[in-house]
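The paragraphs below lead through one protein chain, from single residues to the packing of the whole. Please keep the sequence and the coordinates at hand while reading.

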Amino acid sequence: MFPATLLTTLLLALSVTANPIVQVRNSRITLPLSRRVNTTSVHNLLQHDLNRVKALKARAKAIQGGELTFDEAAIINEPVDNQAVTYIASVGVGSPATAYQLIVDTGRHEHFSPDMNSNTWVGSGRSYVRTSTSQQTSNRVSVSYGSGSFSGNEFTDTVTLGSLVIPRQSIGVATTSTGFDGTDGILGIGPVDLTQGTLSPATNSLIPTVTDNLFNNGQINANEIGISFEPTNTVEILNGELTWGGTDSSKLTGSITFSPRTRTSPASLFWGIDQSVRYGSTSILGTTAGIVDTGTTLVLLASDALARYRQATGAVMDNTTGLLRITQTQFANLQSLFFTTGGATYELTANAQIWPRALNTAIGGNSNSVYLIVGDIGTPSGEGFDFVNGYAFLERFYSVYNSANGAVGFATTPFTRATTN
């Protein structure tokens with residue numbers, strides 16, 4: 001369904017600042033991504049994202065306390081619904097390959113976090129098709145998410161990612177799953193430590209991820225991925241790209257600046273960075289720790305920061321969508337949000353701060369309203385998890401996730417200042 005581009009050897013001179021020093025490699029080993037807005041079960045975008053954040057925090061607490069078990073990995077104490085906005089990759093499994101539409105989720109980082117983005121699994125939609133390359137192991141596998149969960153059996157099988165073919169890749173095959181209607185599972189692209197605790201009885205085992213195997217097999221030159229998203233006003237469109245082993249310079253308009261993983265817990269357990277936020281010239285959130293997460297739709301800020309943002313914009317809460325709402329006049333006067341991390345500042349323009357108006361009715365909103373994509377994370381600043389840079393941020397900036405150096409990078413794109421919304 002998604003043709004892969006050819007591998008070429010190109011040199012890229014990009015300015016990289018801040019610690020740690022990360023070598024940026026230009027790569028054309030890419031996998032197209034399709035964005036979908038769930039129009040059937042998304043009733044409150046903010047509550048959906050808050051459920052995810054609560055799940056992340058609960059999992060971090062369990063990790064820090066050393067209390068996580070295989071059984072606990074399948075438990076979510078919040079009601080779950082389907083992903084609000086997803087980016088989907090077409091992935092082949094088996095030989096001959098069956099194509100599965102898998103969610104790409106880079107929300108987690110390292111250090112024994114068992115429940116987010118490193119396991120690859122199928123079976124929530126299209127059933128797993130066994131071929132001559134399918135081998136079942138003796139392990140059960142269970143993974144939970146803020147938007148659902150699955151449990152099933154571990155197999156090894158051939159996995160095809162565009163032009164890349166990985167033999168004997170560990171995958172989960174779901175016997176039960178919740179919250180993944182319309183998709184077939186997850187493509188796990190995070191660090192290997194995230195897989196610990198997902199198998200039973202081999203609870204302490206690590207499962208090499210697709211990225212690990214590509215790197216170890218010499219099929220990519222770096223344990224790194226680059227992701228390009230684009231803002232859109234349609235329910236579904238092929239408009240994203242995942243680059244294996246480096247970045248795609250054709251997607252950038254500026255240099256990549258890397259931020260080291262924060263040392264502040266619990267954000268340090270994820271793709272966590274230190275960042276400050278201001279609205280126009282007014283600081284609304286001092287330098288603090290939070291995370292970058294493709295599995296969160298909105299930009300979430302600590303409650304005190306959100307209160308300052310709400311006062312500055314004059315926004316009111318819309319109970320139907322869970323989003324802040326402003327008038328047309330307030331939108332005309334809306335100032336930019338500025339995010340400073342790793343010595344660089346990234347501007348979220350007024351247009352980037354609103355939900356695409358053409359998609360208002362897709363989330364149960366009024367077609368004539370203007371909804372903001374900045375929401376309340378539900379806790380005050382100072383708790384080590386004070387913001388989430390979700391899709392709304394990442395669709396305006398190219399992002400790079402370097403597992404070897406524990407760093408995340410951003411760069412401007414042709415869509416940073418787009419007026420799509």
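Contact, as the word is used here, means that heavy atoms lie within 4.5 Å. The model to which this is applied is a predicted one, and a good place to begin is Thr98, which lies in strand β3, a strand covering residues 98–104. Once its neighbours within four places in sequence are left aside, Thr98 is in contact with Val91, Gly92 and Val93, and also with Arg126 and Val129. Thr98 counts as buried because its relative accessibility is 13%, and the limit for that class is under 20%.

Seen as a whole, the protein chain contains five helices and 24 strands. Of its 421 residues, buried ones make up 61%. Among the contacts between residues at least 6 apart in sequence, 71% join residues that are at least 24 apart.

The interior can be described through its nonpolar cores. The largest of these has 91 residues, and Leu161, Leu187 and Trp244 are those with the most contacts inside it. Helix α1, which spans residues 45–65, supplies the largest share of this core, namely six residues. There is also a second, separate core of nine residues, and among its members are Val141, Val143, Phe150 and Phe180.

Turning to the strands, one finds an open sheet of seven, with mixed pairing, in the order β19-β18-β13-β14-β22-β15-β21. Its edge strands, each of which pairs on one side only, are β19 (344–348) and β21 (374–376), and from one strand to the next the twist averages 35°. Within this order, strand β14 (residues 282–292) and strand β22 (residues 387–389) run parallel and are joined by two bridges; Ile291 has Val388 in β22 as its bridge partner.

The loop between β19 and β20 (370–371) is the place of Gly365. With a relative accessibility of 16%, Gly365 counts as buried, and, when residues up to four places away in sequence are not counted, Gly365 touches Thr321, Asn360 and Tyr371. Asp318 is 47 residues from Gly365 in sequence, while the C-alpha atoms of the two are 8.7 Å apart in space.

The aromatic rings offer another view of the packing, since a search of the whole structure finds 14 aromatic pairs. One of them is the edge-to-face pair of Phe229 and Tyr391, with 5.6 Å from centre to centre and 75° between the planes. Because Phe229 lies in the loop between β10 (224–228) and β11 (236–244), whereas Tyr391 belongs to helix α5 (residues 391–394), this pair ties together parts that are 162 residues apart in sequence. Both Phe229 and Tyr391 are buried.

The pair formed by Phe393 and Phe397 has its ring centres 4.8 Å apart and its planes at 35°, and so counts as tilted. Phe393 counts as buried at 0% relative accessibility, and Phe397 likewise counts as buried, at 1%. Phe393 and Phe397 also belong to one aromatic cluster, together with Phe339, Tyr346 and Phe410. A ring can also face a charge, as with Phe338, over whose ring the charged end of Arg278 sits, 4.1 Å from the ring centre.

Technical notes:
Residues numbered from 1 in each chain as written. Predicted model: local features only at pLDDT ≥ 70, side-chain atom pairs only at ≥ 80, totals over all residues. Heavy atoms only, no water. Core = buried A, V, L, I, M, F, W, Y, C linked by side-chain atoms within 4.5 Å. Buried < 20%, exposed > 50% of the residue type's maximum accessible area, 1.4 Å probe, protein only. Helix = DSSP H or I, 4+ residues; strand = E, 2+ residues; numbered from the N terminus. Pairing = 2+ DSSP bridges. Axes fitted to C-alpha atoms, helices over the stretch in contact; angles between N-to-C directions. Phe/Tyr/Trp six-rings, centres within 6.5 Å; stacked < 30°, edge-to-face > 60°. Lys NZ or Arg CZ within 6 Å of the ring centre and 35° of its normal.
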